[in-house]
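Hi everyone, thanks for making time for this. I'd like to walk you through one small set of results, going from the whole chain down to single residues. Have a look at the model first.

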Amino acid sequence: MDFAALVRKVAVAFQTNLELGHVALDLDLPDRLEGFWDPVRLEQVLMNLLDNAIKYGLGKPVKISLLREGFRARLTV
């Protein structure tokens, strides 16, 4: 699966919440990040992280970065 595409999909799904909370979202993603991950679980984790960042970030910008580190991926919110 393409992890970067999943992050973009979740970001689009949260666009309304971001706008209502006046929260800027900065994505720092590669064009693609292919790997063997569970897309359903990753989507759930991403949604929870982004939801918490919007709720508890007090209107501060949210940055999501994704990069490959060897055979692993590092997601930072």
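Before the first number, one cut-off: I call a residue buried when its relative accessible area is under 20%, exposed when it is over 50%, and partly exposed in between. With that in hand, of the 77 residues of the protein chain, 30% count as buried. Please keep in mind that this is a predicted model.

Now the overall layout. The protein chain has 3 helices and 3 strands, and reading along the sequence you meet them as α-α-β-α-β-β. The radius of gyration is 12 Å, close to the 11 Å that the globule rule gives for 77 residues, so the protein chain is as compact as a globular protein of that length. If you prefer to think in dimensions, the C-alpha trace spans about 35 × 20 × 20 Å along its principal axes.

How do the contacts distribute along the sequence? Taking contacts between residues at least 6 apart in sequence, 75% of them join residues at least 24 apart.

On the outside, the protein chain exposes about 5,400 Å², and carbon and sulfur atoms supply 56% of that area. As for charge, there are 10 positive and 10 negative side chains. The centres of those two sets lie 5 Å apart.

Let's go inside. In soluble globular proteins, nonpolar side chains tend to be buried together. Here, the largest nonpolar core holds 18 residues. Which of them touch the most other members? Those are F3, V7, L50 and L66. At least two residues of this core come from each of α1 (3-13), α3 (39-56) and β2 (62-69).

V7 is a nice place to stop and rotate the view. Setting aside neighbours within four places in sequence, V7 is in contact with L27, L29, L46, I64, L66 and L75.

From there, step over to strand β2 and find S65. Is S65 buried or exposed? S65 is buried, because its relative accessible area is 15%, and the cut-off for buried is under 20%. Not counting residues up to four places away in sequence, S65 touches D28, L29, R74, L75 and T76. So that we don't lose the thread, L29 and L75 were also among the contacts of V7.

Next is L25, in strand β1, which covers residues 25-28. At 27% relative accessibility, L25 counts as partly exposed. Beyond its neighbours within four places in sequence, L25 is in contact with A11, L18, L50, V62 and I64. You may remember L50 from the core list a moment ago. One distance to go with this: L25 and Q15 are 10 residues apart along the chain, and their C-alpha atoms are separated by 8.9 Å.

Last stop, the loops. Which backbone angle stands out at H22? Its phi is near 55°, a positive value in a residue other than glycine. H22 is found in the loop between α2 (15-20) and β1, and H22 is exposed, with a relative accessible area of 69%.

L58 gives us another case: its phi is near 55° as well, again positive in a residue other than glycine. L58 sits in the loop between α3 and β2. With 75% relative accessibility, L58 counts as exposed.

That's my tour, and I'm happy to take questions.

Note on methods:
Residues numbered from 1 in each chain as written. Predicted model: local features only at pLDDT ≥ 70, side-chain atom pairs only at ≥ 80, totals over all residues. Heavy atoms only, no water. Helix = DSSP H or I, 4+ residues; strand = E, 2+ residues; numbered from the N terminus. Rg over C-alpha atoms; globule rule 2.2 N^0.38 Å. Buried < 20%, exposed > 50% of the residue type's maximum accessible area, 1.4 Å probe, protein only. Contact = heavy atoms within 4.5 Å. Areas by Shrake-Rupley, 256 points an atom, 1.4 Å probe, with all protein chains shown as cover. Lys, Arg positive; Asp, Glu negative; His and termini not counted. Charge placed at Lys NZ, Arg CZ, Asp CG, Glu CD. Core = buried A, V, L, I, M, F, W, Y, C linked by side-chain atoms within 4.5 Å.
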